[in-house]
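Trainee: Could you take me through one part of this model up close? I'd like to look at the core and what sits around it.

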Amino acid sequence: MNSLIEAQHHIDSISRPNGYNLYAWNAAKRMALEAWECYLNNRPFRKPVNYFCQEFYQMLRLPNGNYIIPEHTFRRYN
């Protein structure tokens with residue numbers, strides 16, 4: 001992905017998991033878009049990342065499977 005528009009389409013393509021309320025889901029999507037904006041502008045993402053649904057982490061992946069922020073900086077869903 002090379003633009004925020006492409007990142008937004010990627011984020012929007014991921015379905016909200018069952019049991020995740022709309023407010024929390026929209027907050028997760030906003031956080032993911034902020035991370036993409038930093039990635040695309042070659043800036044570090046400094047906010048703590050601690051979401052407990054695997055769909056959020058899918059939003060932070062490149063098509064090749066790599067994360068856009070270093071994996072060691074966030075707690076992952078298990």
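Mentor: Sure, and let's settle how elements get their names: helices (H or I, at least four residues) and strands (E, at least two) are DSSP runs, numbered from the N terminus. With that in hand, Glu55 lies in helix α3. Keep in mind that this is a predicted model, where local features need pLDDT of at least 70 and side-chain atom pairs count only at pLDDT 80 or more, while totals for chains, interfaces and linings use all residues. Residues are numbered from 1 along each chain as its sequence is written, and side-chain values use heavy atoms, with hydrogens and water left out.

Now the core. A nonpolar core here is a set of buried Ala, Val, Leu, Ile, Met, Phe, Trp, Tyr and Cys residues joined through side-chain atoms within 4.5 Å. As for burial, buried means under 20% relative accessible area, exposed means over 50%, and partly exposed is in between (1.4 Å probe, protein chains only). The largest such core has 25 residues, and Val49, Tyr51, Phe56, Tyr57, Leu60 and Ile69 have the most contacts inside it. Two or more residues each come from α1 (4-12), α2 (22-40) and α3 (54-59). Helix α2 gives the largest share, eight residues.

Take Val49 from that list. Contact means heavy atoms within 4.5 Å, and leaving out residues up to four places away in sequence, Val49 touches Phe56, Tyr57, Leu60, Ile69, Phe74 and Arg75. Two of those, Phe56 and Tyr57, also belong to one aromatic cluster, together with Tyr51, Tyr67 and Phe74. For the rings, the rule is that those of Phe, Tyr and Trp (its six-membered ring) pair if their centres lie within 6.5 Å; planes under 30 degrees apart count as stacked, over 60 as edge-to-face and the rest as tilted. The structure holds six aromatic pairs. One of them joins Tyr67 and Phe74 edge-to-face, with 5.2 Å from centre to centre and 70° between the planes. Both Tyr67 and Phe74 are buried.

Next, look at Phe45, in the loop between α2 and α3. It counts as buried because its relative accessibility is 17%. Phe45 touches Met31, Glu34, Ala35, Cys38 and Ile69, not counting residues up to four places away in sequence. Its C-alpha is 8.0 Å from that of Glu34, with their positions eleven residues apart in sequence. From α2 you also get Tyr39, which is partly exposed at a relative accessible area of 34%. The C-alpha atoms of Tyr39 and Ile69 are 7.5 Å apart, though the two residues are 30 apart along the chain. Tyr39 touches Leu62 and Ile68, again not counting residues up to four places away.

Cys38, which Phe45 touches, is buried at 11% relative accessibility. Cys53 is buried too, with a relative accessible area of 5%. A disulfide is a pair of cysteine sulfur atoms within 2.5 Å, and the structure holds zero of them. The sulfur of Cys53 is 20 Å from the closest cysteine sulfur, in Cys38, so that is too far for a bond.

On to the charges. A salt bridge is a side-chain nitrogen of Lys or Arg within 4 Å of a carboxyl oxygen of Asp or Glu, and by this rule there are two salt bridges. Glu34 pairs with Lys47, N to O at 2.7 Å. That pair links distant parts of the chain, 13 residues apart: Lys47 in the loop between α2 and α3, and Glu34 in α2. Lys47 is partly exposed at 41% relative accessibility, and Glu34 is partly exposed at 32% relative accessible area. Lys29 also forms a salt bridge with Asp12, with the closest N and O atoms 3.1 Å apart. This one runs from α2, which holds Lys29, to Asp12 in α1, 17 residues away.

Finally, back to Glu55. For charge, Lys and Arg count as positive and Asp and Glu as negative; His and the chain ends are not counted. Glu55 is buried yet has no salt bridge, and the nearest side chain of opposite charge, Arg16, is 10 Å away. What Glu55 does touch, beyond residues up to four places away in sequence, is Ile14, Ser15, Pro17 and Trp25.
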